[in-house]
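Got your viewer open and a selection box ready? Here is a short walk through the model, one stop at a time.

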Amino acid sequence: MTTITPGGTGPKRPAPVVAPAPWSLRKTDWAYQQLREWILSGRLAPGQRLSQERLAGELGISRGPLRDALSRLATENLVVDRPHQKWMVAEVSVADARDVYNGRAALEGMLAAAAAQAAEPERAARCADLDELLARQAEAAGAADMARLRRLDRLFHDTIYALAAMPASVGALDHLRARSDRYIALYLADTGRAHTSVEEHTRILDALKSGDGEQLSLLTRDHVLCGLTTLAGGIGRRQPAGAGAPELDGS
């Protein structure tokens, strides 16, 4: 069984058992989903060196689909391909978080304002969906189900921005959100912050229901940038890059 050792020393701990890839998914897509969740959950830590041989064995796939999955994760800045060396999980940094979150704040504030101008019947229908999403988010936060909470968080915002009918801007935002998903996971990992996020979503939804574009834009920007402020403090207290980072050993 595959083992992971912190820094290559100390007692080995067994890797979790991974179910085989479902027939409905290509092995590359399944490996991408598994590795992405491991990075978001922290099982694969920032700065951790990755062994293709060990990962392929753990996932039960060949190295070809694994390399394709790693390349896809690299486009999201979740892993780094270092020539003639092992792949590694990308580090998190205040500078990167600030870059991504300020871009998100600008785009999300604009999309939120546009969403408030959608036709009232369409807006009302989406608000009904969002009421249900909020209830599911509160349930996930109460159960400390962070993986589910992250998915619902994304769906909540996507539902609002779809009302803006601005696909090019949403596409640009999707790129930034892919890069920020790990920061979102770090933020929501704290149960208190998870409940705060649900409360902020409630105020955002109230502004959408009222059709107040200016207020909706302001609340959305504050929601994004509040996350950045919290993350900057936490990331700044992290150990130096690579120090003590665990290694998935093997070549």
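Start by selecting arginine 193 and tyrosine 187: the arginine lies over the face of the tyrosine, 5.4 Å from the ring centre. Bear in mind as you look around that this is a predicted model.

Keep tyrosine 187 on screen and add serine 197, since Tyr187 is one of the residues that serine 197 touches. Beyond its sequence neighbours up to four places away, the others are Asp153, Leu188 and His223. Serine 197 sits in helix H8. Is serine 197 buried or exposed? It counts as buried, because its relative accessibility is 4%, below the 20% cut-off.

There is another charge over a ring to visit. Select arginine 43 and tryptophan 38: the charged end of the arginine sits over the tryptophan ring, 4.2 Å from its centre.

Now zoom out and colour by secondary structure. You should count nine helices and five strands. Following the chain along its sequence, the order reads β-β-α-β-α-α-β-β-α-α-α-α-α-α. Of the 251 residues, 46% count as buried. If you draw the contacts between residues at least 6 apart in sequence, 74% of them join residues at least 24 apart. Switch on the surface and you are looking at about 11,900 Å² of accessible area, with 54% of it belonging to carbon and sulfur atoms.

Next, go inside. The largest nonpolar core has 43 residues, and Tyr101, Ile160 and Leu208 are the ones with the most contacts inside it. To see who builds this core, select helices H4 (94-115), H5 (120-142), H6 (146-162), H7 (167-188), H8 (191-210) and H9 (213-236); each supplies at least two residues. H4 gives the largest share, eight residues. Then look for a second, separate core: this one has 20 residues, including Trp30, Ala31, Ala56 and Val79.

Back to tyrosine 101, which deserves a close-up. Show everything it contacts beyond four places in sequence: Ser180, Tyr183, Ile184, Val224, Leu225, Gly227, Leu228 and Leu231. At 4% relative accessibility, tyrosine 101 counts as buried.

How many aromatic pairs does the structure hold? Just one. Select tyrosine 101 and tyrosine 183 to find the pair: the ring centres are 6.4 Å apart and the planes meet at 80°, so the arrangement is edge-to-face. Tyrosine 101 belongs to helix H4 and tyrosine 183 to helix H7, so the pair ties together parts that are 82 residues apart in sequence. Tyrosine 183 is buried too, with a relative accessible area of 2%.

While you are selecting by residue type, try the cysteines. Searching the whole structure for disulfides turns up zero. Compare two of the cysteines, though: cysteine 127 is buried, with a relative accessible area of 4%, whereas cysteine 226 is partly exposed at 31%.

For the last stop, pick arginine 63, in helix H3 (residues 63-75). With 37% relative accessibility, arginine 63 counts as partly exposed. Which residues does arginine 63 contact, leaving aside neighbours within four places in sequence? They are Gln52, Glu53 and Ala56. Put a distance label between the C-alpha atoms of arginine 63 and glutamine 52: they are 6.6 Å apart in space and eleven residues apart in sequence. Ala56 should ring a bell, as it is among the residues of the second core.

Conventions: Residues are numbered from 1 along each chain as its sequence is written. This is a predicted model: local features need pLDDT of at least 70, side-chain atom pairs count only at pLDDT 80 or more; totals for chains, interfaces and linings use all residues. Side-chain values use heavy atoms; hydrogens and water are left out. A nonpolar core is a set of buried Ala, Val, Leu, Ile, Met, Phe, Trp, Tyr and Cys residues joined through side-chain atoms within 4.5 Å. Buried means under 20% relative accessible area, exposed over 50%, partly exposed in between (1.4 Å probe, protein chains only). Helices (H or I, at least four residues) and strands (E, at least two) are DSSP runs, numbered from the N terminus. Contact means heavy atoms within 4.5 Å. Rings of Phe, Tyr and Trp (its six-membered ring) pair if their centres lie within 6.5 Å; planes under 30 degrees apart count as stacked, over 60 as edge-to-face and the rest as tilted. A charge sits over a ring if NZ of Lys or CZ of Arg is within 6 Å of the ring centre and within 35 degrees of the ring normal. A disulfide is a pair of cysteine sulfur atoms within 2.5 Å. Accessible areas come from the Shrake-Rupley method with a 1.4 Å probe; for residues, only the protein chains shown count as cover.
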